Each structure stands twice: as C-alpha cells, then as structure tokens.
Amino acid sequence: VDLFRMNCELLATCTALGYLEGDTYHKEADCLESVKDLIRYLRHEDDSRDVRQQLGAGQIVQNDLLPIIIQHGQDKALFDACIRLMVNLTQPAMLCFGKVPDDPVFRHHFLQVTSHLQAYKEAFASEKVFGILSEILYNLLQLDWEQRQEEDNLLIERILLLVRNVLHVPADPCEEKKVDDDASIHDRLLWAIHMSGFDDLVKFLASAQSEQQWSMHVLEIISLMFRDQTPEALVSAGQARSAEEKQRDSQELEALRQKEHAAKRSRTFQRGTRHSRFGGSYVIQGLKSIGDKDVIYHRNIHDFKNYTHDVGKAVRRVPKKNRQAQECKDKRRSALNVRLFLREFCVDFLENCYNRLMYLVKESLIREQTQQHDETYYLWALSFFMAFNRGNGFRADLVSETMSIRAFHFIERNITNYYEMILTDRKEATSWSRRMHLALKAYQELLLTVNEMDRSQDESIRHSSNVIKSNIFYLMEYREIFLTLLRKFDETKQPHSYLKDLVESTHLFLRMLERFCKGRRNLIVQKKKVKRRRSRGDKKPSAAETSPEALAETWKIVEEELKTAGFQLSESLMESIVPFDATSETPLEEQRTEAMVRVQDSLLARLGPEALGLLRAAREVWPEGDVFGSADVEPEEELELLKQILHATLPKPVVEDEDDFNFLDFIKKFASPNIMRPYLLLLRSYSKNTPHTNHCIARMLHRVAVDLKMDALLFQLSVFNLFNKILSDPAAAAYKELVTFAKYVLNHFFSLAAQNDKAYVELLFWKNVGAAREMTEGYSKEGEGKKPTWTEEEEEELRKLYEEHRHSEVPDIVETLLPLLSNSSRPRRQVVMQLVHMGLVDNAKELKKQKKGTQIVLWTEEQEQELEMLYEEYKDSDDVLGNILKKVTAKRSRARVVDKLLSMGLVSERRELYKRRSRSAKGKSAGKGMTEEEFLEGLTQGYPDDSVDRDDEDEGDDECEESEEEEDQEQEKSQNGGRRSQGLHSPVERRADVGTMVLSLQQEGLSGPMLWLQNCLNKTAEDRKKDGLSQAVPLVPLTEENEDAMDNKSFRKLLRKLGIRGPANEQEIFWRIPANITPSQLHSAAAEDDSRDPTGESQGNEEKEEEEEEKEKEEKEKEKEVVSGEQRVQALRALLLSRKRKHHTSEHTGMCGSFMFCTLSQMTAVNYSSVTSQEKTSTKRSRNRVLDDDDDEENGIVLLEISVLKCLFDKITGHTAKKV
C-alpha cells in the first residue's frame, strides 16, 4: 500500500468522523464508532506502522480529533474514545519500533513517524486544547473516592499519558532554527500549559494525599517540562547579572581578543615584504626525507615551523568501536516569559511538593512498583531541584527528603549497577552510560548540598552536615567510588561531559575530606581487610584465659560471687542490659549468637552478675527453643547453663577492621597512570573548559606532583606536547595556573635530564610509582638484593633439618622446615634455592608447592602464524599434534594448542588431532619389526626435551599450578559425569561440605564477597521467576574486595560446588550462573551459602572428609601403579634419557646437569594423557586489559625531537633560539 495514498477503508473511516468548516467542526452520526474503528486498525498495524503513517499524513489529529475534543467535549463517550486514540497516536517512535532501526527502509519509516509526532506537538501548542484538558481533569479530581468510578481513573491516567507523550516529542533541528531567548514549539507548548492552569493541577497531584498513585506520571511530566532548562538559567531569570558573571564574561572576551590578535600577527609574519614568486628553496638540517638526505623545503620560510611529514597524507579512519562517545544535545535558553513561569513553578514545587513526591517515588522504586529505568526520573529531579535550591537562597528543609545517607546509598548502588550493565550489555552501552552520568550528577549535587550546609548559620544544619560527612567518609564504598570511576573511565562509552563532572566531583570530595580531616586529630575509617596466609607450621597460640585451668579458676570465682549475691540482680543493672537492638540491620539469628558471645565474654571477664543479667534478658527476647533456658528455670540450672556457655566454643562475630585515616596516604591512591590519563585527556580541551574545570585538573596534578613529590609520573611525551601547546597559546595569560604548573614540571625534568641520561627515553612510556622512583632516585642494579647470604651455621642447620625430615611422609617438606629454622623470616623461595645450591635436591621443581592457579598466556601474531604453518606442514601426518608440539617455538600444553587450533578454525573437532594408526603400524606397535630407537621414540613422543626446560621458577610454578588445575577439573568431569546433570538437585548431600567451605571462607575474612554471592544468586532466581526465561548470568565483581575473592582458590572451589561455571573460552571474562539452574535450585544454593554454627557438625564433617580424602588417595595410588607400566618400559625410558644426556654433554659441555638428569621415579610420575581443558582467564587482569587505554598509538606517532625539548627549555628560562 502506498503510504501517501490512504487505504480505502481508512479513508472511509476518517470521512465518517465529520468535517471542519471554518472554525466549526460538524461531526457525523457514526463519529464514535469511527473513532473506535481507528483504534482497532492501530491494534493490527504491521511492523512498518503503516496505519500510523497514513493517519499522520492525513492530519487526522490536527483536522479531526483536536476539534472534536474542543467543541464536543461534553460528549463523555466520544471524548474518552478520542483521548484513547490520541494516546496511541502520540506514542514515542522508540516504543513503536523498539529501537532506532538499522535497516534503511525501517529507518525511513521511523523518521516518518517522528515527523508526524512533531506535527502533532505543534498542533497541541494551543491554549484551547489544554484548556479543555485542564477543565475535564479538574472536574474528575473534584470527585471523591466514593463517587469516582474506574472509568474516571482511566481517563485521568490517559490525560496524563497524553500530555507526557506530547512533551516527549523531540524538537526538529532543521525546522526550528531558533536562537536563544526565542520561543520554540516546546516553549509555546509550555506557555499553553501555564495559561490553561494545567501546571497548577500538576502541582496539586504532586502534593495531594489522596492522589499519590499518580506520582510517577507527575514526575515524568515535570522532567519533560524542564528538558531544555538548566537550574542556573532559571535562577538568574529576570535578575541583573552579578559581578562574578560580569567578570567571567570579561575574561572570556579578553581571551578571545588575545587569540584574534595573535592570529593577525602570525598572518602578518607569513606575508613577506616582497612577492613570493622568487621565494627560493631551503634545506632543513636534521630532518631527514625519504632517503638519507635532508628535507628540501620549497615553501615560504615564514611557515617553516608548521612543516610536518604528514602533510598530504590521507587521514586514517578511526574504527567505530574506538570513536569517542558523542555528547548529548546542548541546552538552549528559552524565552524570558517561559523562564519566569518555570522559575515560579520551581519555587512552588520545592515549598509544597518536592519532599512528599520524592518520598512516594522512592518507595515505589524500592518496592519495584514502577517500570524499568524509572529511577532516572528520580535522579534527574534530585539533581535539578537541589541545584535550583542552592542557587535560589539555600534552604535545607525544602530538600530534607533527599538529604540523607539513604540517598547516598541509593545513588551509589545505581552507579555500580549501571557500570555492571555497561560491561555486560555492550549493545546498549551508550544508554547505560547516560544513566550512569545522570547518577553521577545526582551524587555530585548531594555533595554540593552537604558543602552548602557547612556554610549555614544554623548550628543544627551544620551538625547534620557533619553527621552525613562522617558517614560517607567512614564507609569505604563512598570514599573510594571516585577512584573506581576514574580507573574504569572509557572514552569510547562515556562522553566528555561525564569526565568533566567526574573530575569536578572528585575535586569537591577531596576538598571536603581535607577540610574534615584538618579539624580533627585523628579520623577513624573502615578499611579493607588484608588477608594474610599463614603457613601450615604456624598455629595460633591459645590465650591463657581459655586454658582448662584458667577456666576452672574463673568459674570458681564467678560461682562464689553469684551464690553470695543469692542470684539477685539490681534494677539499675537490669535496665542497662539490652541484648537486642531493633534498629540494627543485623538479622535476629546473628543477634542471638552475639548475645551468647556477650554472656561468655562477661564470664571470662569474671563479671558474674552482668553475665546472669544478659542471660535472663536474652531469655525474654528469645524464649523459643529454650536456648537461654526455660521460663521457669531454677537458679542452680542457670548456674549450670552459665558453666556450659563458659566452656563452649562460640563463633566470634566478624568485626570490620578500622584504622586511622591519613589524607596523604589516601591521595597516594591517585598517583597512578590509570588515574592521570583521564585528567590529561580532559586537559587537552583546556581552551574549551571552564576556569573551574581547569582549576580542578591543575589541583589534582599539583597534589600528585608537588604534595606527593611524584612529578615523574607526568614525564611523558604526550604530556609535554600538551604543555607546549599551553605555553605557546596566545591566550596563555588566561591560564596562569596551568602555565605555572607546566613550567614547574618541565624545570624538574630538565634538571633531572642533566643527571639521568636515560630521561629522554623514559618520556616514551607511562610510568608507575616504582618506575618513577627509579627514574628520579636511580636504577637498581640487576640482581641487587636478590641473593640473600647464608652463614655457615645456617647452612649446617638447614642440612641437619633436611636430613631429619627427608624420609618423613610429609606432603611438603619445605613447609615443615620453615618454622623450625632459627631465622623464621626467610621466605619459601630462599629456602628452596638454598637447598638446590647446597646439592641436597637436584631441581627446584621437586619442591613445588601443591597448589592450583592460572596463568594468562596470550598468543602473539607471530606465534599464531607459526602455528598455522606447522599445521599446514603436518596436517597429513599420523600424529599432527605431536609434531606441532615438537616444533613449536613457544612451548605450551596440549590443551592450549588444541584450543588455539579450534579457535583459529584450522580444525573443527578435537578428533581430527588424534593420533592415526595405520595397518602397517600395528606390527610396530606390538614390537615386531621395530628397532630400539624407534620404540624409544614412540615411548617419549610428546615429551619436551630437557634442554628446553625453563629455569625460571616462577613460570614453572605457574604452569604446574595451571596443569594441576586442569587435571583436577578433568578428574572432576570424569568422576561426576553421571551426576553432572543433577546440578543442584541434591543440596542435602552437599550441605555439610558446602557449609564447611563457607565457614572457612568467612574465617578468612570473605564475609563481604559471600554476601555479594548470595545476593547475586537470589536476584538471578527472582529474575528467572519473573521473566520465565533463563540465560547465563555473569558474576561481575565491582569492588576490589570481590575481585580479590574471585582470585581466591577456595572461593572458586565453592563456586564450582554451587554449580557456577568459569570462563568457557577466551571470549568470556567472568564466571557465570548457568542457564539450566532453576530458581528453586538457586534459592537453595543461596541458603547453603549462609553461615553455620561450627560446633558439633563441623567436626564430624571434617572427620568424614578426611576419611574420604584418604580413600581417594589410596585409589589414586592404585591407578598410578596400573598406569606406570612394566619394568621393561621404565628401563627403556631410562636408557633413552641416558643416551640423550651423553649426546647433550658432547655438544654442550657447559650445560647444567640439573636440566639433563631425571630419575626413573620422576619420569614414571609424569602424566602422559592430553588434558583437553579450556583456557581460563583471570577476571581482574582481563578487565584491566579491556579498560586501560595506554595511548600507545599517540606515542608511536609523536617523534622524540631534541629541538622540541630545547624550545620548551628556552620558553621556561626566557632564552630565545637564534638558529634552527
């Protein structure tokens, strides 16, 4: 159907509505039925929205529907039907198509629908239309709840939706080429709303007690009304400019004037006194051309300094994924009368509606009674109206609802969620980035309001400000949120305006924190727990008061004290004892355990009456189960119960670590290249930045370079190039702070370059703190401090201890020796290397620590090409994989090579790499017709030669750990193959095991990550219940504590126990909750992930686990005996190794024997089976690799020229170069 020709049925239906004659509309008899038919047609339109487009082209809204509701509004049924139809027709195009279509045909349909919506918006900009809407809405709101019918509520909601849809229509930039202070279509629409009194009805709906169900619709309408406005523009509407604004404008004009004069001078210098026909040619010394000769310059010599080799080259196209994020549209200044009306609206809204409306919306968001992404309206309203309140005579009581710790927590949680979605939902990363920017603006406004409260004359307001600041400075998540956001900044997803707000917010937070610390001698803050591993030999010594003799003496004293008092307690003591805190967020079960621990602590402190009072008070709070005794308990029974509590082993509550806060130590966290790059990226646009933004950048760079004395972090070529632009800017006088700082850094660099001849080379690289310190203080010599000295007495002690324990059946002899040495501070590595040096062991690999780990091994482009060439060469051989492993340069495991061949598409299945056996080989494999060398070659096929073994112990450890983890996973797969389909179906069988693991992790200080894991499981279960769909959900750790937990071996083991799978391949980064786990299984897993009482059951479980482990060890030893083979095979292998040793000894006389010699027992213990496990990737290192932007491309383009540095030096010292 041609969209420009209306369908005959639609045309007949539209004709049956009526006709417009002059200003009078004559409706037909079938007008109501025709409107209902149009609604029915819209319900069955196709994907191109043909019906909607045809009705828009026929101007059905402008010529029929609007005249009907204006002139025939008394017909309630017809009015209701027309409102229903217009709500459908004004629906946003984004909702009609789901997203902006990529297909050109559907993109055309999308633009057509948008153009019709813009025509509707222009038609609605009439006082008559909003007059009738206001009248109908006013009459409906006058009805009491008893008189109001369901149809009336539906009509109220449809009117609000219609106004929201019309306000949502975007402006057409091609048609509305308006300047500031001119009335646009949106301004005319707002003026019609004001003149009709509809804005008063909106304020009534926001403040009325009985109309709270419309709170979300009202907030959407208000946010769309102020879409193009800024709080600062509304505050200053109708008021004279302040002296500060006049000064700022004069500074901007002065900077522009200086740039214009500089441009004129440069043009004057470029024009010579004579004509340029005989300009001549010049040779530029020191600048090479394509060949070995210097460049010949044929242009005017006045433009010589701007010469570059890049002139005439095609600009390289930046890939779409690497382009900078686009900014949102700029704000415009509306007409003065509109701004004055909106200013009065803001004043009335703050005084009468803001606190109540924001409370209702917040409650709806918490209870999830709203639609998706509705929290963005709340975040916008918080930042906009609090900013308006600050500018319009700050009053704290007007915004008291959103000025609390709950508001900080709500915004911080949304920022974390938005960042998580940016990583996972990459297709919609731009939308999530905008929402994250909105949340950051709200967080910034909260800080600005707290800062404004500090200046208040009211002491109670200042006290409230101190309470809020003490909370946000104490908690780590509020204190380090800006560090995380700066570290994770990505210019391809987050726009320049986001970085500007982030830098300004960080500056404000640090300034408030610094002022807060100066007024106090010491500030106690929450700190992150540092988990320190204890060696197996170290055992925690038991306290003196917990020994049996001490407990018996303590109980004797307590018993005598209670009997003397006759088990009677004073009233003051009973009133002061409170075992239960109703305001605490701690669950009841945990508070009950804490009460029991408090009773025990009182007994240990020999405070008998207090312990008895706690026991009785806790019995009243928790009477169920007679945990604290029955209600009619006798004093003797209470005494026996107290004795049991004293001798019981109770779990101590985990107390958050606290520490004294040092502001300078906190600033040191910003001294990192990942933090400096966003600041320097923003500094590139210094000429477009506001003076406040440039001040924030300069202040942070000053903190790092001057306060911390780490100016070497800024010794980088791209930074110096930026400083050169600032110093040579004609308007440099307007950037005095930046100019002064640039000269300071360059002075320090040139003074350092006179002492360190490698300083110019260091300019090519970004440096961390260690590299910067070496650059300034001197480089450490290779091997310095790495070889600890051992005295003769220590060597003799180590030899004796090793001889005593070498035949003991301990799993790790090094761990046994460490606590027995006189110098117990020596690390494990030193002891191992000394044992090898003394000849007590042949190789450090014999003493490897039995642990599991991973090593990220990346394939370079050359290695991939080599692998492809080797595959093409040996793909027709009998053993493709074996030949590749022999010839490949970079030695890797079989599993990694197989995975790489599959990912490169060289093979489609693993079976293609299996060893092929021909008929002629059968006889050889049986030993017939086969020489000794061929048989030995077949035995050792796939073994790496000893001569290529790496002597780096760290690499060896990592590879060993990785192979062990792969073998462990393969063994799990083989053992659990039959029950893998069960997943989490048998939680009862695994409850004891999981409970023990959870308890051990909590004792290690991983309570926070455990709670995070439990919340993720519950949230995923609820989402799957709600949506009915199941897909793999990644576990994204956002805090450093959770990232460290994901690297913990025990924590990953718990994840596998719960059915959570690790990264499947190189494309995946995070662990994922599989799609085949049902919500009930997730809930049960979350329940298992809870803490348990370690008494009783845990000991029995540990004994069972030890028995199971001993059985498994016996089975493995039997399997190893079977796999080891006959003695003939072992002897032949030993013979081959001895031949190799002789061969290598003859060719390489200087080769270390430790790489050649291997005992027969070592060779038989080697696992010859190919482990086909997938490559795992560390989450933390992968995320850092994705999010870090090292500016390598820019460093490669910029050339290090001594002349540029000479010019910078001359600008600082004031000298002028006379010659090029």
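This report describes a buried aspartate, a strand hairpin and a surface patch in a predicted model.

## Basis of the model

The model is predicted: local features need pLDDT of at least 70, side-chain atom pairs count only at pLDDT 80 or more, and totals for chains, interfaces and linings use all residues. Residues are numbered from 1 along each chain as its sequence is written, and side-chain values use heavy atoms, leaving out hydrogens and water.

## Aspartate 729

Aspartate 729 sits in the loop joining α32 (717–727) to α33 (736–753); helices are DSSP runs (H or I) of at least four residues, and strands are runs (E) of at least two, numbered from the N terminus. The residue is buried, as its relative accessible area is 12% (buried means under 20%, exposed over 50%, partly exposed in between, with a 1.4 Å probe and protein chains only).

Its side chain makes a polar contact of 2.8 Å with the side chain of tyrosine 686 (a pair of N or O atoms within 3.5 Å, where one must be able to donate a hydrogen and the other to accept it; residues adjacent in sequence count only if both atoms are side-chain atoms). A polar atom of the aspartate 729 side chain also lies 2.9 Å from the backbone nitrogen of alanine 731.

## The β3–β4 hairpin

Strands β3 (residues 282–288) and β4 (residues 294–297) pair in the antiparallel sense over four bridges; pairing requires at least two bridges found by DSSP. Five residues separate the two strands of this hairpin. Isoleucine 284 is placed opposite valine 295 of β4.

## Leucine 764

Leucine 764 belongs to the loop between α34 (759–762) and α35 (769–777). Its relative accessible area is 30%, so leucine 764 is partly exposed.

Conventions. Patches are made of residues with over 30% relative accessible area and no salt bridge: like charges are joined within 9 Å, nonpolar side chains (Val, Leu, Ile, Met, Phe, Trp, Tyr) within 5 Å. Accessible areas come from the Shrake-Rupley method with a 1.4 Å probe; for residues, only the protein chains shown count as cover. A salt bridge is a side-chain nitrogen of Lys or Arg within 4 Å of a carboxyl oxygen of Asp or Glu.
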